[in-house]
Amino acid sequence: MALCGFTALILAVWLSGIHPVRAEDPSYVAAVYEHRVVLNPDPRAPVERSAALEHMNKNLDVFEEQTALAAKQGAQIIVFPEDAIHGFNYTRSSIASYLETVPDPGRVTWSPCADPDRFQNTEVLHRLSCMAHKNHIFLVANMPDRQVCDRLVDPLCPLDGQYQFNTDVVFSDNGTIIARYHKQNLYFEAAFDAPPKCEYVTFTTPFAGRFGVFTCFDILFQEPVVTLVKDMGIRQLVYPTAWMNQLPLLAAVQFQRSFSYSAGVTLLAANVRAAALGMTGSGIFTPWDALHHHDSVGETGKLLVKRLPVLDPSVLGDGAGKARLLVPFSGHSKVEAAVEESEKEEPWPASSFSPMQSGPEPGYCPKEDCSDQPISFTSTMMYDSFTLVALQGREGNLTVCDGSFCCHLLFRRRRAAKGELYALGAFDGLHVVHGTYYLEVCALVRCTGLEKESCGGETEHAQTLVDFHMHGTFSTEHVYAGVLGSGMTLDHPDRSGWESKGRFYMNRTGMTTGLVTAVLYGRVYEEDSM
């Protein structure tokens, strides 16, 4: 994913029609830390174990400070980013001195802090365990892990006789290792192996029930995360990541927000801070609100702490809290009853648009099948060839198709800025750059210039205020809805959901920042291997 530049941003986003945690609801306090990683300046050169430990301890010193600060603010769980202890861009051999063996907590009960000599070469595990124990906090960290294997028994065992995994480790508040997850979907990680079988890892806390674990690039794939949510009923997830931002569709906090909103889950997302690689963007997300941080200018880390409602169905029982849980990928079709009537926004009917008395402006079409639609064009967006139509006039009704997949947009510009071109794009196909996965995407984007070929480029600012209703004819139920405002403002749909079979919609009116992107990002998981 590409480098992008944004101004520093820390925002709390409260979605329309949703109130904060109510006193009578079970709740807990969570923390995530976006860490500016101290990197190995030459990660491809092997080093001795002592040098690797000296390097990792510089990052662990920061972890220790931030864990104590989070605990002082009442946090009961803290999540640190992927690659934040050791860095990245290692080879299989150069990472050797950074590896530790994380025992399977399903077979071994062990607190490295309480029993540091039980396993050799586990200094990092010891420090992390003691952080959790000292601060009485559940702690999630990511580290490189070695698991010895026998090629005579395991035909998938690597030639050097060991698996090397990108591994998330979870410690309880007494320092015991309670969960271990090996990353399934690697992103150009030559040092690591994918696990022989996909792992579905959960852990249980006394304050919020069950959490699931996954890492970075996993968020774009069905396994393990969709199975955790849909089949295993997990509604709370911890998510270490090292994500490089790319607009207009996949900035870190942009997709974290869309994922939490659309899957109906709490997401505790911790990203690294690495300016040269365009890495920033962390947050604490529920389906209804978010606290997030995005900073492409500063060079410091950021601790986020927030009180959250418990979403584990087994903890909520059959009370009112469980009744508010969302069915994953069903959309947000109604406003919560607790909101005052005056604050409710009615769904935006298509009839709210009518041609102006002097006749429709250019580009306005009162019917989806009318013949005077703007001429479509193609442009590259996120390395994919999108079919697009430009928005014309103050309001309009547009359709654009890529084959049989079609996107429809009803729009009205409440404030139009000169020099800002917008386009509605559709893409139906296999994405093959920096990963292979099948997409169905409807995207309303602000173009970077006035030329049509600029539609799909990266821009973070906009002044035009747009009200819209967008829907697409999706073959998948897994549609991630998102709205991004100027300056990395995380906005949200007023409503979203299934209007009919295969037709998913979202609408938004009343934005106070210019629209950068509105997207329905469909993932057709079953077509990934086509």
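**Exercise 1. Determine how Cys447 and Cys455 are joined, and state whether the two residues are buried or exposed.**

Solution. Cys447 and Cys455 form a disulfide, with their sulfur atoms 2.0 Å apart. In this predicted model, a disulfide is a pair of cysteine sulfur atoms within 2.5 Å, so the distance meets the cut-off. The next step concerns handedness: the torsion about the S-S bond is 90°, and the link of Cys447 and Cys455 is right-handed. As to exposure, both Cys447 and Cys455 are buried. By this distance rule, the model holds five disulfides.

**Exercise 2. Describe the disulfide of Cys113 and Cys130, and explain which parts of the chain it ties together.**

Solution. Begin with the distance: the sulfur atoms of Cys113 and Cys130 lie 2.2 Å apart. Next, take the torsion about their S-S bond, which is about 105°, so this disulfide is right-handed. Then locate the two residues. Cys113 belongs to the loop between β3 and α2 (123–135), while Cys130 belongs to helix α2; the pair therefore ties together parts that are 17 residues apart in sequence. Finally, Cys113 has a relative accessible area of 21% and is partly exposed, because buried means under 20%.

**Exercise 3. Classify Cys401 and Cys406 as buried, partly exposed or exposed.**

Solution. These cysteines form a disulfide with sulfur atoms 2.0 Å apart, and the link is right-handed, with 105° about the S-S bond. The relative accessible area of Cys401 is 31%, so Cys401 is partly exposed. Cys406 has 15% relative accessibility and therefore counts as buried.

**Exercise 4. Identify the pairing partners of strand β4 and the sense of each pairing.**

Solution. Strand β4 covers residues 138–148, and nine of its eleven residues are buried. With strand β3 (residues 77–79), β4 pairs in the parallel sense over three bridges; here Val79 has Val140 of β4 as its bridge partner. With strand β5 (residues 162–171), β4 pairs in the antiparallel sense over ten bridges. In this second pairing, Met143 stands opposite Thr167 in β5.

**Exercise 5. Characterise the second largest cavity by its volume and its lining.**

Solution. The model contains three cavities of 30 Å³ or more. The second largest has a volume of about 110 Å³. Its lining consists of 15 residues, and those nearest its centre are Gln246, Leu250, Met382, His431 and Tyr437. Sorted by character, the lining residues comprise eleven nonpolar, three polar and one charged. Strands β16 (384–390) and β20 (437–446) each supply at least two residues of this lining.

How values were computed
Residues numbered from 1 in each chain as written. Predicted model: local features only at pLDDT ≥ 70, side-chain atom pairs only at ≥ 80, totals over all residues. Heavy atoms only, no water. 1 Å grid on protein atoms, 1.4 Å probe; cavity = no way out; pocket = protein on both sides within 12 Å on 5 of 7 lines; lining within 4 Å. Points joined across faces, edges and corners; volume = space filled by probe spheres on them. Helix = DSSP H or I, 4+ residues; strand = E, 2+ residues; numbered from the N terminus. Nonpolar A, V, L, I, M, F, W, Y, C, P; charged D, E, K, R; others polar. Buried < 20%, exposed > 50% of the residue type's maximum accessible area, 1.4 Å probe, protein only. Pairing = 2+ DSSP bridges.
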